[in-house]
Amino acid sequence: MPDLITADFVDLDLEAADRHEAVRSLAARLAAADRVTDLDGFLADARDREEQMPTGIEGGIGIPHARSVHVTLPTLAFGRSADGVDFGAADGPADLVFLIAAPAGGHAEHLDILASIARRLVHVSFRQALRRAVDAQAVVDLINKEVGGR
Amino acid sequence: MRIVAVTACPTGIAHTYMAAEALEQAAAEAGHHIVVETQGAAGAVRLSAAQVAQADAVIFAADTEIQDRERFAAKPVVIAPVQRAINHPRELISRAEEAAEAAAGAATAEGTGPGDAPEDVTAGAGADGTAEDRGAAVGGPAHGAPSEGAGVHPATRLRQWLMTGVSYMIPFVAAGGILIALAFMIGGAEVAVKVDGGTWQGRTYPEVTDLSELVDRAGYAGVLFKIGATAFSMLVPILAGFIAYAIADRPGLVPGVVSGLLAVATGAGFLGGLAGGLLAGAVVTALRRIHLPRAAAGVMTVVGIPLVSTLVMGLLMIIVIGEPIAAAQRGLTDWLDGLSGANAILLGALLGLMMAFDMGGPVNKVAYTFGVAGLASGDLEVMAAVMAAGMVPPLALALATVVRRALFTDSERKAGEAAWLLGASFITEGAIPFAAADPLRVIPSIMAGSAVTGALSMAVGATSRAPHGGLWVIGLIGNPALYLAAIAAGVLVGAACVLVAKHFGRRPVLEGAPTLPGTTSR
């Protein structure tokens with residue numbers, strides 16, 4: 001199975017004026033690797049989701065996400081922003097941004113992996129480890145280790 | 001304590017699972033046993049019947065519809081948006097503790113015998129109320145909530161049920177009403193006669209029964225009218241169906257919708273549908289309390305409850321409600337006929353009261369038919385008064401929503417925007433959403449407004465040669481300037497009465513019902 005996340009999908013110096021810019025920046029990385037076939041189409045789907053309810057979670061997390069026909073493989077992109085990006089959480093901007101891209105008709109096993117990632121995000125220890133990661137590969141290793149044996 | 005929870009979110013790939021994890025962590029910390037059903041894209045592992053039966057409390061953390069929520073009927077329930085579970089899982093766990101204790105307390109207080117399982121308890125005590133206080137009962141999960149919370153004031157619950165029905169009905173009112181209004185604008189007042197049959201300016205049109213002939217005989221305006229009228233025909237069934245749905249969840253839908261359809265067929269109108277919806281919800285709730293052996297219980301849910309509740313409601317609507325209404329209509333018609341030649345201004349006021357009372361219901365129909373009969377016999381003043389009075393309720397409420405926005409819910413304000421056009425087109429039904437949500441305040445107020453307009457229209461001797469069309473047939477109105485003044489006066493009186501009535505004994509405006517999926521409440 002292809003990797004859920006690679007070092008190319010990690011941006012430890014994410015700079016974005018707002019959440020739309022942050023999502024576009026991360027999604028462009030997925031588009032460059034053909035994980036997303038139509039960048040604007042995918043962004044529209046993500047924006048639809050974001051408008052239903054902000055995806056910010058307290059504790060500095062933003063998880064923009066969409067199931068979209070423009071996604072080829074379930075993929076995760078990660079951005080770390082020193083200044084923070086507002087994702088609508090009550091306690092302020094997010095410094096950790098996870099972009100989750102799932103194909104519209106994804107197989108349950110793929111979606112299971114995304115589900116287990118989502119579950120890890122709730123754990124404070126996981127967040128702290130991501131904040132301390134020194135480079136992109138460290139983030140990838142951390143995530144692969146957490147979803148366990150895959 | 002044993003807890004079961006269901007988490008769900010619109011996309012089903014992130015929040016559903018984060019909420020589940022957060023709840024599991026918080027429950028473990030508090031020393032509780034929890035099982036979470038994640039209704040997400042990866043497929044849900046369903047809670048077993050035993051897990052549900054053993055649970056002391058249920059948590060719904062969801063921004064979408066919970067699937068098969070009737071499994072949890074009669075359990076103490078805590079309802080919250082999915083974000084709440086992620087950000088404040090401990091709070092939900094402690095609310096579940098409170099809900100379970102309250103339910104246990106209620107069981108003792110009600111003297112439930114020791115042999116009875118806790119399932120008998122009227123559940124959700126405190127939980128629903130708490131959720132509302134915190135503004136948590138927003139979005140999908142709140143609707144159809146079996147809000148049986150003992151801590152919630154009965155009037156609040158009634159209003160929530162009504163608002164659920166109203167919020168589902170409003171799009172039908174808006175879409176249907178605007179299409180009908182467009183039909184009148186394009187095709188003139190005769191479009192209704194061309195489609196539904198009747199006499200217009202001495203010419204008789206048969207009803208269009210074969211829709212393939214619709215364009216030829218009534219033009220595209222006729223098509224618009226027919227589409228609008230079809231949407232309108234669902235107005236009362238949707239209202240009744242979703243009132244019952246709010247009370248009794250999914251099993252309430254069938255008897256509710258059927259009651260609504262029968263309310264239309266028997267001419268009982270929206271008040272009949274409103275009563276039918278409430279009764280259907282009550283019947284289903286009552287049927288659920290009948291205890292059957294486990295083997296029979298499954299059949300009861302799938303076949304028994306829909307069958308029995310629909311049969312009971314159907315008989316009730318046709319025999320108990322339908323016949324008296326028809327008799328009352330005959331009586332009212334005779335009485336009105338007897339009043340012919342009496343004081344014209346009083347007659348106008350009376351017709352106004354009747355037009356606004358039930359907006360398309362039996363009393364309104366009698367007044368309208370009286371007007372049309374007058375038209376046929378050459379008395380154009382009665383028709384003018386009836387039409388003017390019928391335009392007042394939607395216009396008065398549209399005005400009221402603009403003057404004091406805070407007194408109305410979001411969905412009512414949206415209904416108010418459409419009500420301008422509906423009122424101007426003499427589509428009195430535009431006021432039904434407001435009247436159904438708060439009948440005791442709204443109906444008397446708009447009756448006052450319509451009575452003023454009816455009386456003034458007669459006083460100034462306005463005439464109308466059209467039975468439909470509202471302002472779009474102003475060319476067929478005699479003495480149009482004073483006619484418009486009469487309408488304006490009634491609108492002002494009606495709006496003022498609504499605002500005063502809503503101000504007294506004012507309750508917090510609670511969107512008991514959800515915004516529809518895909519829309520936000522802002």
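The legends below describe close-up views of a predicted model with chains A and B.

Residues are numbered from 1 along each chain as its sequence is written, while chains are lettered from A and ligands numbered from 1 in the order in which they are written. Because this is a predicted model, local features need pLDDT of at least 70 and side-chain atom pairs count only at pLDDT 80 or more, whereas totals for chains, interfaces and linings use all residues; side-chain values use heavy atoms, with hydrogens and water left out.

**View 1. Confidence of the model, with chain B as the focus.** The model scores ipTM 0.90 and pTM 0.56. Chain B has an average pLDDT (the predictor's confidence in each residue, from 0 to 100) of 82, and 85% of its residues score at least 70. Over residues 108-151 of chain B the pLDDT falls below 50, although this stretch has 81 contacts (heavy atoms within 4.5 Å) beyond near neighbours in sequence. Residues 508-522 of chain B also stay under 50, with 32 contacts beyond four places in sequence. Where pLDDT is low, the predicted coordinates should not be read in detail.

**View 2. Chain A, its helices and its strands.** Chain A holds five helices and six strands, taken as DSSP runs (H or I of at least four residues for helices, E of at least two for strands) and numbered from the N terminus. Along the sequence these elements follow the pattern β-α-α-β-β-β-β-β-α-α-α. Of the 150 residues in chain A, 51% are buried, where buried means under 20% relative accessible area, exposed over 50%, and partly exposed in between, with a 1.4 Å probe and protein chains only. Among the contacts in chain A with a separation of 6 or more, 70% are between residues 24 or more positions apart.

**View 3. The two sides of helix H4 (residues 124-132) of chain A.** A:Phe126, A:Arg127 and A:Leu130 are buried in this helix. These three residues lie on the same side of H4(A), because they cover an arc of only 100 degrees around the axis, the arc being that of the directions from the helix axis to the C-beta atoms. A:Val124, A:Ser125 and A:Arg132, on the other side of H4(A), are exposed. An α-helix has 3.6 residues a turn, so residues three or four places apart point the same way.

**View 4. Aromatic pairs, with two examples from chain B.** Rings of Phe, Tyr and Trp (its six-membered ring) pair if their centres lie within 6.5 Å, and planes under 30 degrees apart count as stacked, over 60 as edge-to-face and the rest as tilted; by this rule there are seven aromatic pairs over all chains. B:Tyr168 and B:Phe242 are stacked, at 3.9 Å centre to centre with 15 degrees between the planes. This pair links helix H6 (residues 154-187) of chain B, which holds B:Tyr168, to helix H9 (residues 235-248) of chain B, which holds B:Phe242, the two residues being 74 residues apart. Both B:Tyr168 and B:Phe242 are buried, and ring pairs link them with B:Tyr245 into a cluster. The pair of B:Tyr368 and B:Phe426 is tilted, at 6.0 Å centre to centre with 45 degrees between the planes.

**View 5. The surroundings of B:Thr16 in helix H1 (residues 15-29) of chain B.** B:Thr16 is buried, at 0% relative accessibility. Beyond its neighbours within four places in sequence, B:Thr16 is in contact with B:Thr7, B:Ala8, B:Cys9, B:Thr38, B:Gln39, B:Gly40 and B:Val82. B:Cys9 is itself buried, with a relative accessible area of 4%.
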